[in-house]
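Q: Got a minute to go through this one with me? Let's start at the ligand.
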Amino acid sequence: MIISKLIKINNSSALHRLKYKNLNFIRCFSDEAGSHFDIVIAGGGMVGTTLACTLGKNKTLNNKKILLLEASVNKPWIKSDKYSNRVVSLNPGTHKLFEDNGAWAFIEQHRFHIVKRLEVSDALSETSITFGKSEHTDTISYMVENDLVLEAAKNEAQKCNNLKILYGAKVKNYVLPDYHSDVSNIELENGEKFTCDLLLGCDGYNSSVRKAMQVDYVSWNHNQMGVVATLKFSNKFDNEIAFQRFLPTGPVALLPLTDELSSLVWSTTPQEAKRLLGISEEEFVAEINKAVCGPWKQSSTVLQATSAFDTLLRALNCSRDHSRKRPPKIESVEPGSRAAFPYGFGHASQYIRKGAALVGDAAHRIHPLAGQGVNLGFGDVACLNKVLGEAVYSGSTLSDLNHLKDYESARQKHNVPTMLAVEGLHRLYNTDFAPVVLLRGLGLQATHALEPLKKIIMAQGAV
Ligand SMILES: Cc1cc2nc3c(=O)[nH]c(=O)nc-3n(C[C@H](O)[C@H](O)[C@H](O)COP(=O)(O)OP(=O)(O)OC[C@H]3O[C@@H](n4cnc5c(N)ncnc54)[C@H](O)[C@@H]3O)c2cc1C
């Protein structure tokens, strides 16, 4: 009886699987043929939705059925004068991906802000480094609200005929392929069931796909939280510089949104974050102005040594013109825009296994001090899109491990050094121990003086 049901299914991949006599397999194929997809993307956050739209628009994959499952309900982005407190800095590599998949047009039509320079300073040594040209000619990054990034990707995804999106679709259980089966079984909390040839886990740092894949995952908490808010300056100006100042409790960053607004990401201890959320708006503004520009207790030895090193660099003609800019005074905080988010580090030792791959925060999670987290995820999207296109073009199956391995090795080669560098910076700046403050101050001055080194750092962060 089951066999007769199987034969009714007019699906070549289903017939191919007839050779396996396995309970798992029977369970999958006794379902309706309509519940089988070539690719299922679990998680429709910024990364999952962008992946869906990019794969959906890949001409080589246009006969592949794709399903995107997102646990939360669909909340369309509505433009308002109010800016969201969740903003990301998108690097040039991400900008290219969004231009290629068509989603950038939507962002461009609505709003984004270009960052042309990045000023990073250390409150404990007054050393600093500048990225980007002083004439503000090159684009370092693009500031866009998270919800707008999501809406832009969703808008393009909805144009793809081979893509189905289900909202309010929380996955309860995954059964991944084994010796006897080469499909994944997916069960939603509402009881709906799907099968697929390739399962892509884009379900964030608590990824259930990763758990089902049983890959090793190295993770720790940073014991830090990011306090975010939308800030207004006391006057309008050419707001093209992102400022980041390292305090002993963590970096405070101002990311430009308009000529009078910036987005705040203030990384600090959980206790301090709780306090900053609880104080009045006036007190909060006073604290930010102090954190961004105010004096900090500095060691005289550190100051003398860094000043002497600067003199030496000038004598060697290495010191770059250093016209350090400071932001104008912050006047107010957008009411209700304050919130805090936890930080952590995590990395999956494998991004792939038979019939499944991890993408975005599901595979790697980093401290946002360098604004790289989702950019790494978008880099995964671009790479996976290329690899899957090549696999299908060459006649391989989507779940062919040889192709998936190309994805894993290319991305780990990029992600691991970036993650280690960001984690190293976090640890280096998370102390007020004078010898460390001195060493990092000297390092910052030397890096600032060495333009080729800065170019390498920028290039790593740009893709
Ligand atoms: C304060 C702060 C500032 C940041 N700034 C930057 C920045 O400037 N630049 C940058 O590159 N990165 C930044 N990041 C990092 C960035 O926010 C993350 O890397 C990014 O949100 C990860 O996106 P994702 O789609 O991989 O995961 P998520 O955003 O976690 O999305 C996962 C999705 O999966 C869904 N999901 C989960 N489980 C299930 C399930 N069982 N069934 C169905 N759906 C499920 C969730 O509902 C969610 O929509 C910042 C992070 C923080 C905290």
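Q: Which element gives the most to the shell around the ligand?
A: H12 does, with three residues. Helices (H or I, at least four residues) and strands (E, at least two) are DSSP runs, numbered from the N terminus. This is a predicted model: local features need pLDDT of at least 70, side-chain atom pairs count only at pLDDT 80 or more, and totals for chains, interfaces and linings use all residues. Residues are numbered from 1 along each chain as its sequence is written, and side-chain values use heavy atoms, with hydrogens and water left out.

Q: How many residues surround the ligand?
A: 27, counting a residue if one of its heavy atoms lies within 4 Å. The closest are Glu70, Ser89, Val171, Asp361 and Val374.

Q: What does Asp361 do there, in polar terms?
A: An N or O atom in the Asp361 side chain is 2.8 Å from a ligand oxygen. A polar contact is a pair of N or O atoms within 3.5 Å.

Q: And which ligand atom is 3.2 Å from a polar backbone atom of Gly371?
A: A nitrogen atom.

Q: Switching topic. Which residues have the most contacts inside the largest nonpolar core?
A: Ile41, Leu69, Ile186 and Leu199, in a core of 70 residues. Such a core is a set of buried (under 20% relative accessible area, 1.4 Å probe, protein chains only) Ala, Val, Leu, Ile, Met, Phe, Trp, Tyr and Cys residues joined through side-chain atoms within 4.5 Å.

Q: Which helix gives the most to this core?
A: H12 again, residues 373-393, with eight residues.

Technical notes. Buried means under 20% relative accessible area, exposed over 50%, partly exposed in between (1.4 Å probe, protein chains only). A polar contact is a pair of N or O atoms within 3.5 Å; within protein, one must be able to donate a hydrogen and the other to accept it, and residues adjacent in sequence count only if both atoms are side-chain atoms.
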